[in-house]
Amino acid sequence: PAGSTLARELARARADMKIILIDGQSADTPKPCGGLLAPDAQKALAQFGLTMPTSVLSDPQIFAVETIDIPRRHVRYYQRNYLNMDRYAFDSWLLSLVPKSVSVISARCRSVERDEDGKFLLSVGEQTIKARAIVGADGASSIVRKRFFDKPIKKYVAIQQHFKNDGQRVPFYSCIFDPVTSD
């Protein structure tokens, strides 16, 4: 979302700028992150004047999350205003809003280096792209952040699993907190 939004806004503000957007996602290799759109992200879309099409939404919509704190043996329900969506459809929709003046390359960036002139050399698919500036909008494991910044990347694991509803309960989402697996 950040990359396509930046490309869209830069193209509007700076028609003279050559912009390349590298999109490594495909229907065969979708992003592993979930499809819940938090209220702050919904607000950001609204600030850009965007209304998400219903074709991006998925069922069921979520109004509460059951949280289970294992060590304390607490179960609580928290109201949440997330939108449940198809993540690949969402990203494809945002990409469709990028102006035609932006070159979109469907490939993954394998490496980023700096040459002797201070330009960036990106290895993308089978080609090398030379750029004056780059923005790493590629998520938590950003190749740009790993290559050019010393700050350690804190990692966590989120395990998503679906269970068949045998009709006993209304479908729900739950979140389990366990200090053995995370802080």
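Helices (H or I, at least four residues) and strands (E, at least two) are DSSP runs, numbered from the N terminus. The model is predicted, so that local features need pLDDT of at least 70 and side-chain atom pairs count only at pLDDT 80 or more, while totals for chains, interfaces and linings use all residues. Residues are numbered from 1 along each chain as its sequence is written, and side-chain values use heavy atoms, with hydrogens and water left out.

Ser142 lies in the loop that runs between β9 and α4 (143-148), and with a relative accessibility of 4% this residue is buried (under 20% relative accessible area, against over 50% for exposed and partly exposed in between, with a 1.4 Å probe and protein chains only). The side chain of Ser142 takes part in the polar contacts tabulated below, a polar contact being a pair of N or O atoms within 3.5 Å, of which, within protein, one must be able to donate a hydrogen and the other to accept it, with residues adjacent in sequence counting only if both atoms are side-chain atoms.

| Partner of the Ser142 side chain | Distance |
|---|---|
| Asp138, side chain | 2.7 Å |
| Arg145, backbone nitrogen | 3.2 Å |

Strand β9 also belongs to an open, antiparallel sheet of three strands ordered β7-β8-β9, where pairing requires at least two DSSP bridges between two strands. Because β7 (109-114) and β9 (127-131) are edge strands with a single partner each, one side of each has no neighbour in the sheet. Five bridges join β8 (residues 120-124) to β9 in the antiparallel sense, and Phe120 stands opposite Ala131 of β9.
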